[in-house]
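Biologist: I am new to reading protein models, and I would like a close look at one part of this one. Could you take me slowly through the place where the ligand sits, and then through the parts that surround it?

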Amino acid sequence: MQTLSQEPKASTRRGQRADSARPGGGFVYGLILPLAAALLYEGAFRAGLVQARLLPPPSRIAETLWKLAASGELATHVIATLLRVGLGFGLGAAVGVFLGALTGSSALARRLLDPTLQALRAIPSLAWVPLFILWLGIFEPSKIALIAVGCFFPVYLGVMGAIANVDRKIVEVGRAFRLSRLKLARRILLPAILPDTIVALRSGLGLGFMFVVAAEIMGASEGLGYLLVDGQQLGKPDQILAAILCFAVLGKAADWLILAATRPLLSWQDSFARSG
Amino acid sequence: MLSLAHLDKVYPNGAHALDDVSLDVEAGEIVALVGGSGCGKTTLLRLVSGLEAPTHGEVRVDGEAIFAPHPAIGFVFQEPRLLPWLSVAENIGFGLEHLPPGERRDLVEEALLKVGLAGYGARWPRELSGGQAQRVSIVRALVTRPKVLLMDEPFSALDALTRATLQDHLIALWEASQPTLLLVTHDVEEAAALADRAVVMQPRPGRVFADIPIPLPRPRDRLSPGFVEAKRAVLAALDGSLSQPSGGKSSKGSQSPAGSWW
Ligand SMILES: Nc1ncnc2c1ncn2[C@@H]1O[C@H](COP(=O)(O)OP(=O)(O)OP(=O)(O)O)[C@@H](O)[C@H]1O
Ligand SMILES: [Mg+2]
């Protein structure tokens, strides 16, 4: 055996550079703008510059939140909303991944299923509500069905597109190494579609939060959407804003959770976003 | 050892890529496939690898007909085609899944050492230079010890200096297990530096135009008269292959300088 000219020793190890692409304190930057706006408005309110009846100052919203939290009410509403989103998203995303994978990998399945699914996609999801209520009643099942429908389409489209976009040249590497269909899927297709699939799941989850509000506004006795309606009917803008704030935090946290859970799987990526 | 018999390839769009190509290659022989663009070199390699099926004719390795990718045949693509989600070491071990992890690791370490990339195993492909990536892709194919190695212009994207270095690396790697090597190239110098034989092809449809032996000892001195003569002979045949579309086989002595043969 012959050893050829040696490159200078590479010293980087995976563990060492795991997070070098993302500064850990990055979220601090994201807080600057909303905090500054809140402080400014609070200051203007204290100085008597603004009328606070319809737009209560941050301190009042914080107080309302605190009261809701202390009474345990907030937890009830948050849990109700999260359960609906979780179930609806889980259902919609699972079916979306399955059907997307099917139509993405089989031309026959695509020709059979895709036209129908695209036609269904053209229907505004809210148009299903009356039917869902007739079929499933006014309680949880109809709400979860609506959320699932909303989450389904972006996931379905994303997964199908991701499979269609897999580089033929990379698939050929798998063929040259004689991978079976199953191994080809596991060792080449799955990792190749992962980035796009995660983007699809994130947009599906975003729609999940959108539809949970719709479902809860149309009739619920608990949930953050119920807090919104309740605040409107009782003229409590601070409660509405508190619920909106909760949505912002929950939505961001859920998205972050997907990102954090999948980041270790994507550290190989060589894309523009990494270097930013 | 490797025998191609009357290979024809007509693509579904009607393109006649190969017309009655026959070629016999001995075990351990290095054959350079040279020819103008579009004369079917890549097509020929893909037929041999089993990635593509011929319209007529057949490919045999040690008497066994090839219909689909075969464990005895390794393929190095024109681009490195490393899997971006696997580390360098995992890429090299891609074809060794069937081995126990310890054995696989040893083979990969040895391979990295051989191409001068020891310590690079944990890197991602995106952290390699073009030449390093191509070296990894070459050992990925070699580490499974194929009897036949097919290479499609593996160095064409690299600068002249890197290319010459990698050609030396390749010969060193080849010497370890001496597989039969079928190498497509655009570069006459590359053919003269590596091959025992240069097969010059002619386009529209792709045919064998000339078969030029290069009986030089290794390691080869690129400035020796024999080397220069070999280069000249291949260049002359190449030139002839493009000026005689009807396909004569008598152009070995032609003195005319190569025109725009690509
Ligand atoms: N997948 C394909 N479908 C249809 N025609 C093809 C296909 N691949 C190649 N061809 C045609 O077959 C002929 C030979 O192509 P091939 O890629 O084998 O040439 P080549 O000798 O490798 O050229 P180059 O040196 O430019 O790489 C060309 O005329 C090309 O247009
Ligand atoms: Mg080619």
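Modeller: Here is a walk from the ligand outward to the sheets. Please keep in mind that this is a predicted model.

Let's begin with the ligand. Which residues come nearest to ligand 1? There are 13 residues around ligand 1, and those that come nearest are B:Ser37, B:Gly38, B:Lys41, B:Thr42 and B:Thr43. Sorted by class, this shell holds 7 polar residues, 4 nonpolar ones and 2 charged ones. The element that gives the most to the shell is helix H1 of chain B, residues 41-49, which supplies 3 residues.

Now look at single atoms. B:Thr42 has a polar side-chain atom 2.6 Å from an oxygen atom of ligand 1. For B:His186, a polar side-chain atom lies 3.2 Å from an oxygen atom of the ligand. B:Cys39 takes part through its backbone: an N or O atom there lies 3.2 Å from an oxygen atom of ligand 1. Taken alone, ligand 1 exposes 630 Å², and the protein buries 63% of that.

Next, follow the sheet that goes with H1(B). Four strands of chain B form an open sheet in the order S2-S1-S4-S5, with antiparallel pairing. Its edge strands are S2 (16-25) and S5 (64-65) of chain B, each pairing on one side only. H1(B), the helix that gives the most to the ligand shell, packs on this sheet and touches S1 (2-10), S2 and S4 of chain B. The direction of H1(B) makes about 120 degrees with that of S1(B). At one end of the order, S4(B), residues 56-61, is joined to S5(B) by 2 bridges, and the two run antiparallel. You can find one such pair by eye: B:Val61 has B:Glu64 in S5(B) as its bridge partner.

Chain B has another open sheet, with 6 strands in the order S6-S7-S8-S3-S9-S10 and mixed pairing. S6 (73-76) and S10 (207-213) of chain B stand at its edges with a single partner strand each, so one side of each has no neighbour in the sheet. From one strand to the next, the twist averages 20 degrees. Within this sheet, S7(B), residues 148-152, and S8(B), residues 180-185, pair in the parallel sense over 5 bridges. Here B:Val148 stands opposite B:Thr180 in S8(B). Finally, helix H4 of chain B, residues 130-142, lies across S6 and S7 of chain B and runs at about 170 degrees to S6(B).

Conventions: Residues are numbered from 1 along each chain as its sequence is written. Chains are lettered from A and ligands numbered from 1 in the order in which they are written. This is a predicted model: local features need pLDDT of at least 70, side-chain atom pairs count only at pLDDT 80 or more; totals for chains, interfaces and linings use all residues. Side-chain values use heavy atoms; hydrogens and water are left out. A residue is near a molecule or strand if one of its heavy atoms lies within 4 Å of it. A polar contact is a pair of N or O atoms within 3.5 Å; within protein, one must be able to donate a hydrogen and the other to accept it, and residues adjacent in sequence count only if both atoms are side-chain atoms. Accessible areas come from the Shrake-Rupley method with a 1.4 Å probe; for residues, only the protein chains shown count as cover. Ala, Val, Leu, Ile, Met, Phe, Trp, Tyr, Cys and Pro count as nonpolar, Asp, Glu, Lys and Arg as charged, and the others, Gly among them, as polar. Two strands pair if DSSP finds at least two bridges between them. Contact means heavy atoms within 4.5 Å. Axes are lines fitted to C-alpha atoms, for helices over the stretch in contact, and angles run from 0 to 180 degrees between N-to-C directions.
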